[in-house]
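Student: I have a model open and want to learn how to read it, feature by feature. Where do we start?

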Amino acid sequence: MRRYGKHTDADDIRQRPNRKGSRPRTNIRPKHEDAIEGLVLTVDRGRLTCLVDDRIILAMKARELGRKAAVVGDRVSLVGDLSGEKDTLARIVRIGERSSVLRRTADDDDPYERVVVANADQLAIVTALADPEPRPRLIDRCLVAAYDGGLEPFLVLTKSDLAPPSELLELYGALDIPYVVVNRDELYDGEAADRVRTYLDGRVTAFVGHSGVGKTTLVNALVPEERRRITGHVNAVTGRGRHTTTSALALPLDKAEGWVVDTPGVRSFGLAHIDPSRVIHAFPDLEPGTEECPRACSHDEPDCALDAWVADGHADPARLFSLRRLLATRERREGD
């Protein structure tokens, strides 16, 4: 009979046989001290295209990482075949700490968050002034996601030849967001790219916008040569065309230092993952006024201390209005 207790004999312990051999199982993981650093450029069905030095490497995530997934913009450590030659596959064994994350959910009822890009410095929100009509609610949601994830936002307003930008700029004036206004001709002759590029030099910038606003045209102008080289390589190894419309893709800037991350066109931008208490950090002029707020204050309720703070002249009332509009957009859908 098997005995249980502190003095159990070794012979009494039953071990599950290892079908692959006699070597005992272990929880010790290799340290991979010889791993090489790389940058994730795009992800496609479990295969990650990475840049290692000046080589394009195809890789997969090591099993030991568990459910932790690498996304575009991640700094990763790779082992295995790093030659970049055809039919070779490396392994990602570590994912570096992220300085920022742009996240979204499919809608406001979806608890599953998706990290769109990691380690971006800023978010370029591209919207047309007409054809299609601007969607301020979608812009608000992108702003909330940027503030929550640690990215600095700026606006790129296209098709100014069809409608003036004054009304939209007035709506976001209190937020003091940088912006660029371009017309359709400037999108195609390269002038728009030259003006936008001044905001991108030395930084990693994610571009987001819904279909038809000129986002892809602008990105093509910003990275013409490198885009063709990298996209061609990606298509060759994954067998997929029109890659940039289906997943995010990081590309080095042309005529400047920095990176552009082109993201698929969005129809919605869910914020189910957003903690409203983090949005206030993007308003440093208002944040000191929250010290007297009730516990778990939403900053949009009758007892919020921000009302008295602003009434005493510590901040511009327009700033408080903008904060509350952004917080409220989490409770409304883009088309409302």
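Tutor: With the cysteines. The structure holds zero disulfides. Cys293 takes part in none, and its nearest cysteine sulfur belongs to Cys304, 3.9 Å away. Keep in mind that this is a predicted model.

Student: Why is there no bond between the sulfur of Cys304 and that of Cys293?

Tutor: The general idea is a distance test: a disulfide needs two cysteine sulfur atoms within 2.5 Å. Here the sulfur of Cys304 lies 3.9 Å from the one in Cys293, which is too far for a bond.

Student: Is Cys304 buried or exposed?

Tutor: Buried means under 20% relative accessible area. Cys304 has 5% relative accessibility, so it counts as buried. Cys293 is buried as well, at 15%.

Student: Now a helix. How far does helix 1 reach from its first C-alpha to its last?

Tutor: Compare the span with the ideal rise. Helix 1 covers residues 136–149, 14 residues in total. Its end-to-end C-alpha reach is 20 Å, close to the 20 Å expected at 1.5 Å a residue.

Student: Why call helix 1 largely enclosed by the rest of the structure?

Tutor: Count its buried residues. In helix 1, 12 of the 14 residues are buried, so the rest of the structure largely encloses it. Among them are Leu138, Ile139, Leu143 and Val144, but also Asp140, Arg141 and Asp148. Just after the helix, Gly150 has a positive phi of about 90 degrees.

Student: Which strands does helix 1 link in a β-α-β unit?

Tutor: For such a unit, read strand, helix, strand, then the handedness. Strand 8, helix 1 and strand 9 make a right-handed one. Strand 8 (residues 122–128) and strand 9 (residues 152–158) run parallel, joined by seven bridges. Within that pairing, Val126 has Val156 as its bridge partner. Strand 9 is mostly covered, with six of its seven residues buried.

Student: What comes after strand 9 in the other right-handed β-α-β unit?

Tutor: Helix 2 (residues 166–172), then strand 10. Strand 10 (residues 179–181) pairs with strand 9 in the parallel sense over three bridges. Leu155 stands opposite Tyr179 there.

Student: What about antiparallel pairs? How many bridges join strand 1 to strand 2?

Tutor: Look at the bridges, then at the turn. Five bridges join strand 1 (residues 36–44) to strand 2, and the two run antiparallel. Thr42 has Thr49 as its partner in strand 2. The two strands form a hairpin with two residues between them, and Arg45 in the turn has a positive phi of about 50 degrees.

Student: Which residue takes a positive phi in the hairpin of strand 2 and strand 3?

Tutor: Asp53, near 55 degrees; this hairpin also has two residues between the strands. Strand 2 and strand 3 (residues 55–61) pair in the antiparallel sense over five bridges. One partnership is Val52 with Arg55 in strand 3. Five of the six residues of strand 2 (residues 47–52) are buried, so the rest of the structure largely encloses it.

Student: Last, a loop residue. Where does Thr88 lie?

Tutor: Place the residue first, then check its surroundings. Thr88 is in the loop between strand 4 (75–80) and strand 5 (90–95). At 15% relative accessibility, Thr88 counts as buried. A polar atom of its side chain lies 2.5 Å from the backbone oxygen of Glu85. Leaving aside neighbours within four places in sequence, Thr88 is in contact with Leu58, Asp81 and Ser83.

Methods
Residues are numbered from 1 along each chain as its sequence is written. This is a predicted model: local features need pLDDT of at least 70, side-chain atom pairs count only at pLDDT 80 or more; totals for chains, interfaces and linings use all residues. Side-chain values use heavy atoms; hydrogens and water are left out. Helices (H or I, at least four residues) and strands (E, at least two) are DSSP runs, numbered from the N terminus. Buried means under 20% relative accessible area, exposed over 50%, partly exposed in between (1.4 Å probe, protein chains only). A polar contact is a pair of N or O atoms within 3.5 Å; within protein, one must be able to donate a hydrogen and the other to accept it, and residues adjacent in sequence count only if both atoms are side-chain atoms. Contact means heavy atoms within 4.5 Å. The expected span of a helix is 1.5 Å times one less than its number of residues. Two strands pair if DSSP finds at least two bridges between them. A crossover is right-handed if, with the strands pointing away from the viewer, the path from the first strand over the helix to the second runs clockwise.
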